[in-house]
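Hi everyone, thanks for making time for this. Have the sequence and the 3D view open, and let's walk through the structure together.

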Amino acid sequence: MSMKPVVALIGRPNVGKSTLFNQITRTRQALVADLAGLTRDRQYGDASYEGKSFIVVDTGGIGEADDGSGDIDDYMSEQSHTAIHEADILVFVVDARAGVIGSDEEIAKFLHTLGKPVYIVANKMDGVHDAAPVEFYALGLGEPYPMSASHGRGLSNLLDDLTAEMPEIEEEDAPDGLKLAVIGRPNVGKSTLVNRLLGEDRVVVFDMPGTTRDSIYIPYEREGKNYVLIDTAGVRRRGRIDEKVEKFSVIKTLQAIKDSHVTIVVIDAQEGIVDQDLHMLGFALDAGRAIVIAINKWDGLSDDQKNMIKIEMERRFNFIPYVKVHLISALHGTGVGNLYPSIHRAYESANFKVSTNRLTQILQDAVSEHPPPMVSGRRIKLRYAHLGGHNPPVIVIHGNQTQALPKSYQRYLENKFRQIFKLEGTPLKIEFKKNDNPYADRKKPIVKGIPSKQKKEQKFTSKSANKTSNKPTGRVAKKRR
């Protein structure tokens with residue numbers, strides 16, 4: 001199973017890595033995470049270029065001291081270190097204005113030990129002599145790419161070479177079956193849940209390691225249906241699980257979510273619902289994936305703790321009322337079997353089909369029941385709707401003045417569609433298209449020799465007036481006699 005290559009941007013602070021990150025991910029709507037406290041504000045993005053798709057990670061600043069003193073590992077956060085080791089390709093960003101300094105040399109030495117492809121980018125070339133990048137040859141990492149990341153100059157040359165050897169991601173390479181991603185923070189019980197879902201008596205015939213380190217694909221069958229578990233916990237065989245050494249990786253999580261049909265978000269009931277859990281949910285929602293939430297280790301709670309968690313669930317999950325929440329114990333198997341019906345409902349909801357006529361009828365009924373508001377004295381008109389995509393489902397609504405439709409009315413329509421189609425566990429995207437007048441910008445042709453209707457009317461009116469004015473009155477007519 002081929003997975004997306006991972007490109008890590010590395011270098012000292014303030015050399016323009018984040019700017020380069022934004023330029024690369026701008027090629028499509030990036031899945032960007034900003035995880036305060038978890039990854040020290042590192043950014044992860046999904047990018048594509050010339051049909052090649054890959055994940056970009058901004059590792060933050062390495063080598064805070066510019067004098068090059070100390071071991072390179074002293075300057076590298078644990079998360080940056082993990083991202084660099086998991087990356088398939090490294091982009092080393094240096095400052096063309098500053099030239100080569102001690103920290104650059106230390107980072108270069110470290111990169112030589114990895115044995116991975118490295119591209120060196122000489123950034124901030126604005127107003128700098130063209131020969132400035134030459135001194136970076138001394139780092140022994142090949143020819144530098146001159147660039148101005150803030151303006152995007154030189155970016156295409158880098159991306160051409162960067163993506164040249166990348167494989168095409170083909171859907172048919174994937175194992176057949178409904179793909180389930182199990183994600184969550186470290187030590188929430190992902191490994192135990194994976195084995196429960198596979199079944200205690202089930203022998204894993206084979207696993208399919210991805211190109212990245214620990215995300216693996218485990219095809220299995222249950223009640224005549226095919227599934228593929230995408231496991232981010234690094235579980236390869238039952239009985240070899242030590243959650244103490246389970247490591248969290250945003251990269252693995254992103255890849256698993258993007259490659260899945262349904263994402264199971266595992267939360268530790270004993271620790272409560274924390275911000276990191278909501279970040280996990282945010283990843284899945286931004287990717288448009290169907291979601292099922294599993295609150296694990298439920299059996300070990302007291303009644304008071306259970307009540308507190310339920311109150312917390314109502315408060316923190318109020319933005320996703322359509323997602324099913326299960327209270328389970330992966331260790332004892334309690335409630336795990338109930339995940340499957342929710343998984344199937346979420347998958348079916350994410351891929352539901354409906355005709356344009358049916359969708360338009362529902363839209364018209366909703367509008368009749370609760371008409372859109374007036375804007376500048378004119379009523380917003382919503383004319384028809386059609387299905388624009390699956391997983392997540394996209395409903396496209398056409399009308400006039402749709403850009404002025406309030407968020408509250410958009411939510412009203414979303415709730416109507418959810419209620420009628422019984423959509424559970426999946427985000428629903430509604431896009432509004434404005435019906436523009438195709439002739440609005442077209443000027444009327446002026447044809448010489450043919451008077452317009454208005455001119456004809458004016459001519460006719462003036463002739464009638466003349467006839468009336470020239471006609472003698474009764475008294476004058478009598479005198480003439």
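Let me start with a question: how many bridges join strand 18 to strand 19, and how do the two strands run? Before I answer, please keep in mind that this is a predicted model. Now the answer: six bridges link strand 18, which covers residues 394-400, with strand 19, and the two run parallel. If you want one pair to look for, take Gly399, whose bridge partner in strand 19 is Lys434.

Let's step back to the whole sheet. This is an open sheet of three strands in the order 17-18-19, and its pairing is mixed. At the edges stand strand 17 (381-389) and strand 19 (429-434); each has a single partner strand, so one side of each is left without a neighbour in the sheet. From one strand to the next, the twist averages 25 degrees.

Next, the helices beside the sheet. Helix 10, residues 356-369, packs on the sheet and touches strand 17 and strand 18. The direction of helix 10 makes about 140 degrees with that of strand 17. Then there is helix 11, residues 407-421, which lies across strand 17, strand 18 and strand 19. Helix 11 runs at about 125 degrees to strand 19.

Now for the nonpolar cores. In soluble globular proteins, nonpolar side chains tend to be buried together. In this model, the largest nonpolar core has 52 residues, and Phe92, Leu111, Ile293 and Phe317 have the most contacts inside it. Helix 7, residues 275-286, gives the largest share of this core, with five residues. Apart from that core lies another, of 26 residues, including Val188, Val262, Val292 and Ala330.

Let's zoom in on Leu111. Leaving aside residues up to four places away in sequence, Leu111 touches Ile10, Leu90, Phe92, Val118 and Leu141.

Here is another one for you: which residues of helix 4 are buried? In this helix, residues 155-163, they are Leu155, Leu158, Leu159, Leu162 and Thr163. Looking down the axis of helix 4, you find these buried residues within an arc of 110 degrees, so they line one face of the helix.

Last stop: Asn22, which sits in helix 1, residues 17-25. Is Asn22 buried or partly exposed? With a relative accessible area of 37%, Asn22 is partly exposed, because that term covers values between 20% and 50%. Asn22 and Ala47 are 25 residues apart along the chain, and their C-alpha atoms are separated by 9.9 Å.

That's my tour, thanks for listening!

Definitions and conventions. Residues numbered from 1 in each chain as written. Predicted model: local features only at pLDDT ≥ 70, side-chain atom pairs only at ≥ 80, totals over all residues. Heavy atoms only, no water. Core = buried A, V, L, I, M, F, W, Y, C linked by side-chain atoms within 4.5 Å. Buried < 20%, exposed > 50% of the residue type's maximum accessible area, 1.4 Å probe, protein only. Helix = DSSP H or I, 4+ residues; strand = E, 2+ residues; numbered from the N terminus. Contact = heavy atoms within 4.5 Å. Pairing = 2+ DSSP bridges. Axes fitted to C-alpha atoms, helices over the stretch in contact; angles between N-to-C directions. Arc of directions from axis to C-beta.
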